[in-house]
Amino acid sequence: MLALGALLAACGGGGGDPTLDGGGSGGATGGVAATVGVSLLNANGQPSNTVSANAPLTVRAQVLDKNGAGVANALVAFGVDASLATLVPGTALTDAKGIASVTMRPASNAASGAGKVTASVTTATATISGEANYQISSTVTSKASIGVALLTASGSASNALSSSAPLTAVATIKDQDGKPLPDALVVFATDNALAIMSPSAGTTLSDAKGEARVILRPVSLAVGGAGTLTAAVVMNGTTSTSAINYVVGATTLAFGNIVFESPALEAYGSTQVALDVLSGSVKYTDQSLAVNFTSSCVTAGKATFASVVQTANGSARAVYRDLGCGVNDVISATASGVSGSRSAVLQIAAPQAASIQFYSALPADKSIVIKGEGGLLRSETASLKFRVFDTFNNPLPGLKVSFSKADPNAEVDLNPLSGTTDANGEVTTSVSSRSTPLSFRIRATLDGKGVSTLSDSIVVSTGTPVQKAFSLAISDSNVEGLNVDANGSAISASVTVAMGDKFGNPVADGTPVAFQSNVGVVGSASKGGCNSVNGACSVDFRAQEPRVPTPNTPATVCNGPLGSSDSTRPGVGTICASTSDGSAVPIFAKINFFISGSRPATAFLNGGGASLRTDAVTDLGVVSWNVPEVFTLQINDVNNNPMPSGTIVEVANIVRATNGGVSPATVQKTFPSASSLPPMYQGTSHLVTITSPSGQACTAGVATFNVNITTPHLLTTSYPFKLTFTCQ
């Protein structure tokens with residue numbers, strides 16, 4: 001028995017726990033892990049024990065029970081030397097066949113050597129494990145190779161670079177196996193002081209053949225020297241480069257002749273200008289050059305022509321257009337990289353004069369004063385400006401113009417007698433007055449052209465006021481102001497002075513006039529006068545205190561030694577206006593006007609008798625039904641002067657009669673007829689007509705009505721009347 005037990009224990013497998021079988025020996029029963037086997041497989045599922053970065057291995061652990069059946073859902077823990085390799089993941093569950101797998105890779109590209117990988121399962125009573133050995137294979141990094149060449153336009157190899165012979169740089173990229181590597185980023189670099197590349201960044205991708213290309217050109221036509229072109233490519237963090245040397249030779253370029261499509265231009269004509277850039281004896285077409293053109297006529301603004309023209313197919317072409325230069329123009333060309341310059345003469349005909357026009361006069365009103373009598377803003381000399389135009393209505397400079405008086409006997413002085421037109425085609429002369437007032441014109445003639453014109457009429461006058469042409473007027477002769485003031489800023493009347501010189505012309509604008517008044521106020525807050533415009537000016541009069549004038553107060557030139565005394569008539573005011581012609585004797589005028597009361601002091605029937613009363617009815621007596629009653633009402637203010645102008649006289653409140661109207665219906669403007677108190681009343685008379693009721697049969701009886709008198713300030717006085725109609 002002992003011998004048999006020992007034999008069974010030897011056949012149970014490594015790591016078996018004899019207690020797992022319920023008292024037997026040599027393994028596990030009932031799905032309990034008894035053995036763990038470990039194997040290593042490559043990507044094709046074949047056994048392998050060599051692992052690298054490019055060839056990871058699968059670590060496979062199979063867990064079996066004592067009967068050789070797979071144990072499902074067993075937790076397998078894998079272990080490895082962390083300095084050599086890594087496992088992903090570190091643990092795994094077995095499947096239905098008892099298999100669990102993880103992936104093993106080198107710990108780094110620098111890892112090397114051999115190691116052992118383990119797989120362990122822990123049961124309730126023991127840990128069962130298995131193991132396998134592996135070898136780390138060193139990682140070989142893939143590296144690209146690159147070679148660079150320079151080719152001419154025909155595809156032949158060359159390292160001679162010039163503006164007329166650019167080169168194509170071709171970089172060929174291959175992988176470690178010597179195969180073309182497409183879509184690789186290639187970077188070209190060179191000395192930027194010698195050459196430039198296209199594309200300018202110097203970067204491009206390789207094509208399907210593994211080739212990357214850039215165009216290499218000199219920085220300028222004149223540059224020379226030798227340089228190195230480098231091409232670089234990066235693969236898997238490793239940079240591969242290749243370089244090639246080249247030499248740059250300066251390109252010699254020259255201009256051909258400037259060619260005009262039309263060698264001679266009419267005025268304002270145009271022509272095409274062409275200029276070739278040559279390399280040797282042929283046109284240089286490898287790149288576009290900027291050709292700079294200059295022209296004296298263009299600089300003067302007398303022609304248009306592009307100042308910079310880019311060559312196309314080796315030629316620079318532009319249109320030259322004349323703008324009235326009138327002289328032969330020299331056109332010159334230069335360009336960077338082209339030796340020397342080129343010039344040519346373009347013949348341009350001068351424009352023909354077509355007209356001369358009177359342009360302006362100063363003073364603008366074309367009026368000057370007699371010599372020695374200039375006043376404010378007046379001149380004794382007029383400047384006349386003329387302009388000369390060509391057939392295209394453009395101003396012509398540099399032409400001589402002669403001046404003369406249209407009337408050779410006109411008493412004015414002309415200077416200068418000729419002149420030359422400026423850049424704007426303008427020429428100026430001046431004319432000065434003598435001692436005679438007159439109107440004249442000046443003729444301007446273009447020398448040798450038979451073209452002339454006349455100026456506008458110029459007037460010579462004095463412009464200073466004279467007493468006989470000094471006139472004063474007031475807009476209202478009977479102002480309502482004896483009892484009321486003007487309302488606020490409203491005026492009572494406007495006072496206007498008109499002035500002329502000794503020839504009957506208006507005085508110069510700005511002639512000052514002073515005003516004074518012995519009642520109310522006249523003028524403005526800034527001054528008591530005005531300055532003339534077109535020979536006249538006005539000021540305001542406002543009714544206010546004082547209302548009773550004191551004769552000859554204030555003292556004015558109108559009531560002084562040269563004038564007469566002011567009016568002493570009550571209710572009559574005096575306004576004085578004065579100016580000067582520069583002499584010691586003033587020029588003046590005065591005007592009298594009524595300061596009228598606002599209520600009638602007396603009213604007379606038919607021009608006589610007792611004054612009517614407002615508190616008693618005036619009986620007009622008996623009148624036949626068919627005969628109108630017509631009577632005159634004469635009204636006066638407190639000073640027996642007219643009521644204010646504009647006072648309304650009307651029939652109101654009429655009963656058993658018809659209003660036939662009042663004529664005139666308002667008080668008219670009336671100036672004082674005498675400066676002293678008149679013998680009797682000087683008011684106004686108004687004809688009043690009353691008729692029997694229209695359209696009715698005769699009915700004897702008494703008619704009543706009122707005559708109302710209402711001033712501009714709406715103050716009303718009413719007189720009552722009655723009238724008896726009879727049928728006889």
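**Cavity, pocket and strand pairing in a predicted chain**

Reader: What volume does the largest cavity have?
Author: The largest cavity is an enclosed space (a set of points on a 1 Å grid over the protein atoms alone where a 1.4 Å probe fits but cannot get out; lining residues have an atom within 4 Å of a point). Grid points are joined across faces, edges and corners, and the volume is the space filled by probe spheres set on the points. By this rule the count comes to 1 cavity of 30 Å³ or more. The volume of the largest cavity is about 60 Å³.

Reader: On what kind of model do these values rest?
Author: Local features need pLDDT of at least 70 and side-chain atom pairs count only at pLDDT 80 or more, whereas totals for chains, interfaces and linings use all residues, in what is a predicted model. Residues are numbered from 1 along each chain as its sequence is written, and side-chain values use heavy atoms, with hydrogens and water left out.

Reader: Which element gives the largest share of the lining of the largest cavity?
Author: The lining is made up of Q516, S517, N518, P554, T556, C558, N559, D566, T574, I575 and C576. Two elements, strand 44 (512-517) and strand 48 (572-579), give two or more residues each; strands are DSSP runs of E of at least two residues, and helices are runs of H or I of at least four, numbered from the N terminus. The largest share, 3 residues, comes from strand 48.

Reader: How many residues of each class line the largest cavity?
Author: Ala, Val, Leu, Ile, Met, Phe, Trp, Tyr, Cys and Pro count as nonpolar, Asp, Glu, Lys and Arg as charged, and the others, Gly among them, as polar. P554 and D566 are among the lining residues. The division is 4 nonpolar, 6 polar and 1 charged.

Reader: What is the volume of the second largest pocket?
Author: A pocket is an open set of points with protein on both sides within 12 Å along at least five of seven lines. The second largest pocket is lined by G324, C325, G326, A350, P351, Q352, A353, L396, P397, L399 and K449. Its lining divides into 7 nonpolar, 3 polar and 1 charged residues. The space in the second largest pocket is about 150 Å³.

Reader: Which strands stand at the edges of the open sheet in the order 1-3-7-5?
Author: The 4 strands of this open sheet pair in the antiparallel sense, and two strands count as paired if DSSP finds at least two bridges between them. Strand 1 is joined to strand 3 (residues 57-64) by 7 bridges, with L41 opposite T58 as bridge partners. Each edge strand has a single partner, so one side of each is left without a neighbour in the sheet; these are strand 1 (35-41) and strand 5 (85-88).

Reader: Which residue takes a positive phi in the hairpin of strand 17 and strand 18?
Author: Strand 17 (residues 225-235) and strand 18 pair antiparallel over 11 bridges, and G225 stands opposite V248. Strand 18 (residues 238-248) also pairs with strand 11 (residues 160-161), in the parallel sense over 2 bridges. In the hairpin, 2 residues lie between strands 17 and 18, and the residue with a phi near 55° is N236.

Reader: What radius of gyration does the protein chain have?
Author: The chain holds 2 helices and 57 strands. Its C-alpha atoms fill a box of roughly 190 × 95 × 55 Å along the principal axes. The radius of gyration is taken over C-alpha atoms, with a globule rule of 2.2 Å times the number of residues to the power 0.38. A compact globule of 728 residues would be near 27 Å, but the protein chain has 63 Å.
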